[in-house]
Amino acid sequence: MRGRGDRLEALLAERELEGMLVTELTNVRYLTGFTGTNGACVCGPGLRLFLTDFRYTERAAAEVEGWETVTVAKDWLGGIAERLRGQFGFEDDQMSVRTLAKLKEKLGDGAEPVAAGGLVQRLRRVKDEEELAAVAAAAELADEVWRWTLERGLAGRAEREVARAAEARIRELGGDPSFPAIVAAGPNGALPHAEPGEREICRGELVVFDMGAKLDGYCSDGTRTFATGEPGEKAREVYEVVRSAQAAALAAIEAGAKGEAVDAVARRVIEEAGYGERFGHALGHGVGLEVHEEPKLAQRSDDVLEPGEVVTVEPGIYLPGEFGVRIEDLVVVAAGTHRNLSGLPKDLQFVD
Ligand code: ZN
Ligand code: ZN
């Protein structure tokens, strides 16, 4: 975690802030290494304070490095307020209006909160080697669970049962699901965020299978669409359109590419095939400590890709009442190229 406080300090200088109060737990974890459920930190020039309560003092001693740990005995907000001076940033995208009001009551003279949400999220976009290794390991674990699932077959099983079994397998292998797995067969596949239900997967259907694992705090995210036997000509055609759109978008992923431009590459392929109206979501998103984070590959995204960012590339076509197709890879942005962390094949896989 060393160095992350320094990078935040540099951003504070740009914003002319004297310090930053970080209360969003994932951001606190990112900066300090703390994985408990009550913690905050205050960062500023020469200041690295991590605050928690007595339940976590021991955990903090084991996890938090490079930050001075302060155990707040009773009045949590008061304990934080005592440490804040001058114009300090706070996470207005996270702190409730009520908490902010209470904090203000406890602040000393001259201390003034300034809305500065999103600063740590900006730092989190670019991953260091250790983070990249954790994401890659999570992606590998998920790939293993897909293979395990496919060996057991899909047809004749309920979507929900397949999803729950895959999640259980992720846990058996030492991870956690990074989100509830989506298994959506036939017409259910046309709902991009379908909840797996009791519906039995039939033969000759397309099955959208979206899953991710979490290892050491870092997430993976990926989707494949499988066929349980011959799905018909239209399904095959749509699958190939999505596959070409995904390949074209991947080829456009490199440092310096605009999120909006990469999205447009995939969208154009789908539009030209006549399915433009049926690709109703963004092309991709960043993945790290959270399964959805910055940057965004989307229409109207201002984000520009940087080396070390981890993003998904996931075009889809959804035909209501018929079927859906989505193919999602997880990639690391690099100079002039990218590294794909998803190991599963992308030609249409037939599964029993
Ligand atoms: Zn995704
Ligand atoms: Zn996904």
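Modeller: A residue counts as exposed over 50% relative accessible area, as buried under 20%, and as partly exposed in between. The model discussed here is predicted.

Colleague: Is Arg-55 buried or exposed?

Modeller: Arg-55 forms a salt bridge with Asp-53, with N and O 2.8 Å apart. Asp-53 has a relative accessible area of 9%, so this partner is buried. The value for Arg-55 is 51%, and because exposed means over 50%, Arg-55 counts as exposed.

Colleague: Which residues coordinate the zinc ion (ligand 1)?

Modeller: The spacing of the donors along the chain is D-x63-H-x28-E-x13-E. His-285 sits in strand E13, and Glu-314 in the loop between strand E15 and strand E16, so the two tie together parts that are 29 residues apart in sequence. His-285 and Glu-314 are both buried. The protein donors, at 2.1 to 2.2 Å, are Asp-221, His-285, Glu-314 and Glu-328.

Colleague: What is the arrangement of the 4 donor atoms around the zinc ion (ligand 1)?

Modeller: Four donors count as tetrahedral if all angles lie between 85 and 135 degrees. Around the zinc ion (ligand 1) the angles are 78 to 152°, which makes the arrangement irregular.

Colleague: Which residue coordinates both zinc ions?

Modeller: The zinc ion (ligand 2) takes its donors from Asp-210, Asp-221 and Glu-328, at 2.0 to 2.6 Å, with Asp-210 (OD) listed twice. Those donors follow the spacing D-x10-D-x106-E. Asp-210 lies in strand E9, while Asp-221 lies in the loop between strand E11 and strand E12. The two zinc ions are 3.2 Å apart, and the residue that coordinates both is Asp-221.

Colleague: Over what angles are the 4 donor atoms spread around the zinc ion (ligand 2)?

Modeller: Asp-210 and Asp-221, two of the residues that supply these donors, are both buried. The arrangement is irregular because the donor atoms subtend angles of 55 to 147°.

Colleague: Which partner does Glu-314 meet in a salt bridge?

Modeller: Besides being a donor to the zinc ion (ligand 1), Glu-314 has a relative accessibility of 9% and so counts as buried. Its partner is buried as well, at 3%. The side chains meet at 3.9 Å, N to O, and the partner is Arg-326. The pair links parts of the chain 12 residues apart, the loop between E15 and E16 and strand E17, the strand that holds Arg-326.

Colleague: Why are Arg-164 and Glu-167 separated by about one helical turn?

Modeller: The closest N and O atoms of the salt bridge between Arg-164 and Glu-167 are 3.0 Å apart. Arg-164 is partly exposed at 36%, while Glu-167 is buried at 8%. They are about one turn apart because they are 3 residues apart in helix H8.

Colleague: Is Ile-201 buried or exposed?

Modeller: Ile-201 belongs to the loop between strand E8 and E9. Beyond its sequence neighbours, it touches residues including Leu-154, Val-162, Val-183 and Val-207. Its C-alpha atom is 4.9 Å from that of Ala-155, although the two are 46 residues apart along the chain. At 1% relative accessibility, Ile-201 counts as buried.

Colleague: What is the handedness of the β-α-β crossover from E3 to E4?

Modeller: Strands E3 and E4 pair in the parallel sense over 4 bridges, and Leu-49 stands opposite Glu-68 in E4. The chain passes from E3 to E4 through helix H3, and the crossover is right-handed.

Note on methods. Residues numbered from 1 in each chain as written. Chains lettered and ligands numbered in written order. Predicted model: local features only at pLDDT ≥ 70, side-chain atom pairs only at ≥ 80, totals over all residues. Heavy atoms only, no water. Donors = N, O, S within 2.8 Å, 3.2 Å for Na, K, Ca; no water. Tetrahedral: all angles 85-135°; square planar, octahedral: opposite > 155°, others 65-115°. Buried < 20%, exposed > 50% of the residue type's maximum accessible area, 1.4 Å probe, protein only. Pairing = 2+ DSSP bridges. Right-handed = clockwise from strand over helix to strand, strands pointing away. Contact = heavy atoms within 4.5 Å. Salt bridge = Lys/Arg side-chain N within 4 Å of Asp/Glu carboxyl O. Lists of a residue's contacts leave out its neighbours within four places in sequence.
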